[in-house]
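Biologist: Could you walk me through this model? I would like to start with a pair of side chains and then move on to the wider picture.

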Amino acid sequence: MKITQTTLCCFLISSVVNTCYSAFHPFIFIPGDGGSQVEAKINKTNSVHYICAKTSTDYFNIWLNLELLVPVVIDCWIDNIKLRYDNVTRRTLNTDGVEIRIPGFGSTEPVEWLDPSRASSGAYFTDIVNALVKLGHVRNQTLKGAPFDFRKAPNENQDYFVKLKQLVEETYEANGKTSVILLAHSMGGPMSQYFLNLQKQSWKDKYIKCLVTLSGAWGGSVKAVKVYAIGDDLGSYMLNGKVMKLEQIT
Ligand SMILES: *[C@@H]1O[C@H](CO)[C@@H](O)[C@H](O)[C@H]1NC(C)=O
Ligand SMILES: *[C@@H]1O[C@H](CO)[C@@H](O)[C@H](O)[C@H]1NC(C)=O
Ligand SMILES: *[C@@H]1O[C@H](CO)[C@@H](O)[C@H](O)[C@H]1NC(C)=O
């Protein structure tokens, strides 16, 4: 999930500069699985544990929020963020009484830092953004973030692709009609490809300079199989894969 090493960052920047960065083009960052901040608002009739709140007055940060991943509290977290699959409509649903939204579309903030408190464990695109700022880029002007509900597949993210198309067009216009570089990580790679396949060639010729993918999950993900079998602790010794699995498999 993390791309923080300076070496990787420098490599990325230089390869972008060499292969597709012939003039000053704006960037849109398309994150991977788990790579967007997520907010929830709850008003539930049931909870999984007596310590779990059933209501919240407003939206609160549910991903990434390490305070919600500690033992017992994590059971509340799982119930609030997991999906239920309806095998008849073939669509997913939140737990009853839970509303989910993805904050900050268009801004770099929610993909630079997965944890809005900017805890270092949630550092994501921030080193890349900083490196590009040193080259003269400006956050929210020539650098944009396109977070999405990574729990859902493209068939349930159709509104995201509409918003992303608008963001590309707005970014193009706001930067003197300059085509946009899509910079995607992990599952953001296939999401970007899905998005581009929805567009006409003439649209892509006009608005898209290129698609750069970092560890694009083009061949699928072996990790998905591991998650189904035993869960994944996200590389943190504080987390328990077996517990995380209850959320991850949904
Ligand atoms: C919470 O849900 C109940 C019904 O389950 C409803 O009567 C109440 O108005 C809701 N509260 C809010 C703040 O939406
Ligand atoms: C949906 O799941 C239920 C419960 O597992 C099962 O009985 C039913 O056959 C499934 N229906 C379809 C259309 O797969
Ligand atoms: C980018 O926009 C977001 C949301 O409006 C804002 O919170 C953030 O401070 C902005 N960043 C900069 C550098 O202007």
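**Salt bridges, domains and a buried glutamine**

Modeller: Let us begin with Glu156 and Lys152, whose side chains meet in a salt bridge with 3.7 Å from N to O. Please keep in mind that this is a predicted model.

Biologist: Are those two buried or exposed?

Modeller: Glu156 is buried, and Lys152 is buried as well.

Biologist: Why would such side chains pair up in general?

Modeller: Side chains of opposite charge can pair when their charged atoms come close.

Biologist: How many salt bridges are found in the whole structure?

Modeller: A search of the whole structure gives twelve salt bridges. One of them joins Arg101 to Glu39, where the closest N and O atoms are 2.8 Å apart. That pair links distant parts of the chain, since Arg101 belongs to strand S6 (residues 98-101) and Glu39 to strand S2, with their positions 62 residues apart in the sequence.

Biologist: And how accessible is Arg101? What about Glu39?

Modeller: Arg101 counts as partly exposed because its relative accessibility is 39%, whereas Glu39 counts as buried because its value is 18%, and the cut-off for buried is under 20%.

Biologist: Which residue does Asp232 pair with?

Modeller: The side chain of Asp232 meets that of Lys223 in a salt bridge, at 3.6 Å from N to O. Asp232 is buried, with a relative accessible area of 6%, while Lys223 is partly exposed at 45%.

Biologist: Which residues are linked in a network of salt bridges?

Modeller: Lys44, Asp79 and Lys82 are linked in that way.

Biologist: Changing topic, how is the protein divided into domains?

Modeller: Domain 1 takes in 5-18 + 30-220, and domain 2 takes in 221-250. The contact between them uses eleven residues from domain 1 and nine residues from domain 2. Taken over C-alpha atoms, the centres of domain 1 and domain 2 are 20 Å apart.

Biologist: What area is buried between domain 1 and domain 2?

Modeller: About 850 Å² is buried between domain 1 and domain 2, and carbon and sulfur atoms give 76% of that area. On the side of domain 1 that touches domain 2, helix H2 (residues 73-81) provides the largest share, with five residues. The residues on that side of domain 1 divide into seven nonpolar, two polar and two charged.

Biologist: How many salt bridges cross that interface of domain 1 and domain 2?

Modeller: The rule finds zero salt bridges across the interface of domain 1 and domain 2, and the count of residue pairs in polar contact between these domains is one.

Biologist: Now for Gln37, where is that residue found?

Modeller: Gln37 is in the loop between strand S1 (27-30) and S2, and Gln37 counts as buried because its relative accessible area is 7%. A polar atom of the Gln37 side chain lies 2.6 Å from the backbone oxygen of Trp113. If we leave aside neighbours within four places in sequence, the residues in contact with Gln37 include Trp63, Ile102, Glu109, Trp113 and Asp115.

Biologist: Last one, where does Ala53 lie?

Modeller: Ala53 lies in the loop between strand S2 (38-42) and strand S3 (60-63), and Ala53 is partly exposed, with a relative accessible area of 46%. From Ala53 to Val138 there are 85 residues in sequence and 40 Å in space, C-alpha to C-alpha.

Note on methods:
Residues are numbered from 1 along each chain as its sequence is written. Chains are lettered from A and ligands numbered from 1 in the order in which they are written. This is a predicted model: local features need pLDDT of at least 70, side-chain atom pairs count only at pLDDT 80 or more; totals for chains, interfaces and linings use all residues. Side-chain values use heavy atoms; hydrogens and water are left out. Domain bounds come from an automatic or database domain assignment. Contact means heavy atoms within 4.5 Å. Buried area is the accessible area (1.4 Å probe) that two parts lose on being put together, summed over both. A salt bridge is a side-chain nitrogen of Lys or Arg within 4 Å of a carboxyl oxygen of Asp or Glu. A polar contact is a pair of N or O atoms within 3.5 Å; within protein, one must be able to donate a hydrogen and the other to accept it, and residues adjacent in sequence count only if both atoms are side-chain atoms. Helices (H or I, at least four residues) and strands (E, at least two) are DSSP runs, numbered from the N terminus. Ala, Val, Leu, Ile, Met, Phe, Trp, Tyr, Cys and Pro count as nonpolar, Asp, Glu, Lys and Arg as charged, and the others, Gly among them, as polar. Buried means under 20% relative accessible area, exposed over 50%, partly exposed in between (1.4 Å probe, protein chains only).
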